[in-house]
Amino acid sequence: MNEKYYAFLKQHKEYEMWVDSVFLQLGIPQNAKGYDYLMAAVLLATDKPELIQAMYKEMYPQIADLFNTTLSRVERAMRHAIELAWSNSEPKTLLDMFGYTISSARDTPTTGNFIAIISNKLRRAYY
């Protein structure tokens, strides 16, 4: 990991542990590249909910800068991590986490929808 990401995580240490436990429940492995990108996205969206409305213009560039990579790599890795969650999780876990907003029988949620739901739950837990 790079120093920018470490510094970012230090600012959000308490929240990082909560998000980590959610990702663990969902079956997103920590060694998946998208894990770190999703972690950053959820923490950014928790601080600034308006970023959900500007994923490509604001959020993805911030994450790409944080990891010194491209927007397309960020997007693809996050999508892959969400696909892992959908294939690794029990339907009951998905229902508990996402309610009826998302059906486990359907395709995976959009990246924006996934980030919005998790960041909203985090805000409710801590604010």
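Reader: In this predicted model, which helix holds both Glu75 and Arg79, about one helical turn apart?
Author: The model is predicted. Glu75 and Arg79 sit 4 residues apart, so about one helical turn separates them. Their side chains meet in a salt bridge, 3.4 Å from N to O. The helix spans residues 71–88 and is H5.

Reader: Is Arg79 buried, partly exposed or exposed?
Author: Arg79 pairs with Glu75 in a salt bridge. The relative accessible area of Arg79 is 33%. Buried needs under 20% and exposed over 50%, so Arg79 counts as partly exposed.

Reader: How many salt bridges does the structure hold?
Author: Side chains of opposite charge can pair when their charged atoms come close. Glu75 with Arg79 is one such salt bridge. Glu16 with Lys13 is another, at 3.2 Å from N to O. The structure's total is 5.

Reader: Which helix holds Glu16 and Lys13?
Author: Glu16 and Lys13 form a salt bridge through their side chains. Glu16 is buried, at 16% relative accessibility. Lys13 is partly exposed, at 47%. The two are 3 residues apart, about one helical turn, in residues 13–26, helix H2.

Reader: How many residues apart in sequence are the parts tied together by Asp65 and Lys4?
Author: Asp65 forms a salt bridge with Lys4, with the closest N and O atoms 3.3 Å apart. Asp65 lies in H4 (residues 55–67) and Lys4 in H1 (residues 3–11), so the pair ties together parts separated in sequence by 61 residues.

Reader: What is the relative accessible area of Lys4?
Author: Both partners of this salt bridge can be placed by accessibility. Asp65 is partly exposed at 48%. Lys4 is also partly exposed. The value for Lys4 is 44%.

Reader: Are H4 and H5 roughly parallel or roughly perpendicular?
Author: Two packed helices are described by the angle between their axes and the distance between the axes. The axes of H4 and H5 come within 9 Å and cross at roughly 90 degrees. That makes the pair roughly perpendicular.

Reader: How many charged residues does the contact of H4 with H5 have?
Author: H4 contributes Tyr56, Tyr60, Pro61, Ile63 and Ala64. H5 contributes Leu71, Val74, Glu75 and Met78. By class, 8 are nonpolar and none is polar. The charged count is 1.

Reader: What is the phi of Asn68 near?
Author: Asn68 lies in the loop between H4 and H5. Asn68 is exposed, at 72% relative accessibility. Most residues other than glycine have a negative phi. Asn68 has a positive phi, near 55 degrees.

Note on methods: Residues numbered from 1 in each chain as written. Predicted model: local features only at pLDDT ≥ 70, side-chain atom pairs only at ≥ 80, totals over all residues. Heavy atoms only, no water. Salt bridge = Lys/Arg side-chain N within 4 Å of Asp/Glu carboxyl O. Buried < 20%, exposed > 50% of the residue type's maximum accessible area, 1.4 Å probe, protein only. Axes fitted to C-alpha atoms, helices over the stretch in contact; angles between N-to-C directions. Parallel < 35°, antiparallel > 145°, perpendicular 65-115°, else oblique. Contact = heavy atoms within 4.5 Å. Nonpolar A, V, L, I, M, F, W, Y, C, P; charged D, E, K, R; others polar.
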